[in-house]
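Here's a quick briefing for anyone opening this model for the first time. Have a look at the sequence and the 3D view, then read on.

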Amino acid sequence: HDVTGWAEREDAVRTKLLTDPLTGLGNRTSIAERLWQAVHSAAPSGPRPAVILVDLDSFKSINDTHGHAIGDALLRTVAERILATVGSDGSAARFGGDEFVILLDRTTELGAIETAERIQAALRLPVPIDGVPEAGLTASFGATMVEPGRRPESILAQADAAMYRAKDAGRDRVVLFGPDLKDWSLTRKREMESLAQTVQQLREENEALLEAA
């Protein structure tokens, strides 16, 4: 029997499952698969894959002020500029909300920083969307190198820590994960856990007050 049609439908379904419907980039699942492959193919030294996490600055205020239609158009513009900048050097995905992940196939620490800075410059260009500030966008970037044998979630956690360090330092900048961020990220994790416990305690106290009232 000719199974060409089945194979084509299977490929179409798989592509749909791995694609972000808004931007046309890969989604969280697709980048996770690519990252697994990158971990297994990474060399112990020299040029190797790198991950760049991009988080738009102040996107929520634009979304809330101008509406979700404008916000969606803005995300599509960001995706186009990321793709145009990365080109054939890697792949990009929308990680969720206003976060994007770039996986570079083979680079160095300096190369990863330079790629992030090129994306940063592209985002700063005026956005041809009514209601969006002419000055363009800013974003915070966290970059980390892919080391063989590491778990993908650990690599993404490093990029996330570097990105939040960029935000804490004033936003609109690139931070490369290094040994100095390990203690900082651990401290930040503990602070977030403490904050979550405080929020939960306040929620329980509010519920108790409501019941009493």
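Serine 58 is partly exposed, because its relative accessible area of 41% falls between the 20% limit for buried and the 50% limit for exposed. Keep in mind that this is a predicted model. Below, we start with the backbone around this serine, then move on to the helix that follows and a contact elsewhere.

**Backbone with a positive phi**

- Most residues other than glycine have a negative phi.
- Serine 58 isn't a glycine, yet its phi is positive, at about 60 degrees.
- You'll find serine 58 in the loop between β1 and α3.
- Arginine 171 is another non-glycine residue with a positive phi, this one about 65 degrees.
- Arginine 171 sits in the loop that runs between α6 (152–168) and β5 (174–176).
- With a relative accessible area of 38%, arginine 171 is partly exposed.
- There's a glycine to look at too: glycine 67, just after α3, takes a positive phi of about 100 degrees.

**The two sides of α3**

- Which residues of α3 are buried? In this helix, which covers residues 59–66, they are Phe59, Ile62 and Asn63.
- Looking down the axis of α3, you'd see its buried residues fall within an arc of 100 degrees, so they line one face of the helix.
- Turned away from that buried side is a face with the exposed residues Lys60, Asp64 and Thr65.
- As for what the buried residues of α3 pack against, the partners are β1 (48–56) and α4 (68–86).

**How α3 meets α4**

- Two packed helices are described by the angle between their axes and the distance between the axes.
- For α3 and α4, the axes come within 6 Å and cross at roughly 140 degrees.
- That crossing makes α3 oblique to α4.
- On the α3 side, Phe59, Ile62, Asn63 and His66 make the contact.
- On the α4 side, the contact is made by His68, Ile70, Gly71, Leu74 and Leu75.
- Phe59, Ile62 and Asn63 therefore turn up twice: they are buried in α3, and they take part in the contact with α4.

**Around the aromatic rings**

- How many aromatic pairs does the structure hold? The count is zero.
- One ring does have a charged partner: arginine 28 lies over the face of phenylalanine 95, at 3.9 Å from the ring centre.

Technical notes. Residues numbered from 1 in each chain as written. Predicted model: local features only at pLDDT ≥ 70, side-chain atom pairs only at ≥ 80, totals over all residues. Heavy atoms only, no water. Buried < 20%, exposed > 50% of the residue type's maximum accessible area, 1.4 Å probe, protein only. Helix = DSSP H or I, 4+ residues; strand = E, 2+ residues; numbered from the N terminus. Arc of directions from axis to C-beta. Contact = heavy atoms within 4.5 Å. Phe/Tyr/Trp six-rings, centres within 6.5 Å; stacked < 30°, edge-to-face > 60°. Lys NZ or Arg CZ within 6 Å of the ring centre and 35° of its normal. Axes fitted to C-alpha atoms, helices over the stretch in contact; angles between N-to-C directions. Parallel < 35°, antiparallel > 145°, perpendicular 65-115°, else oblique.
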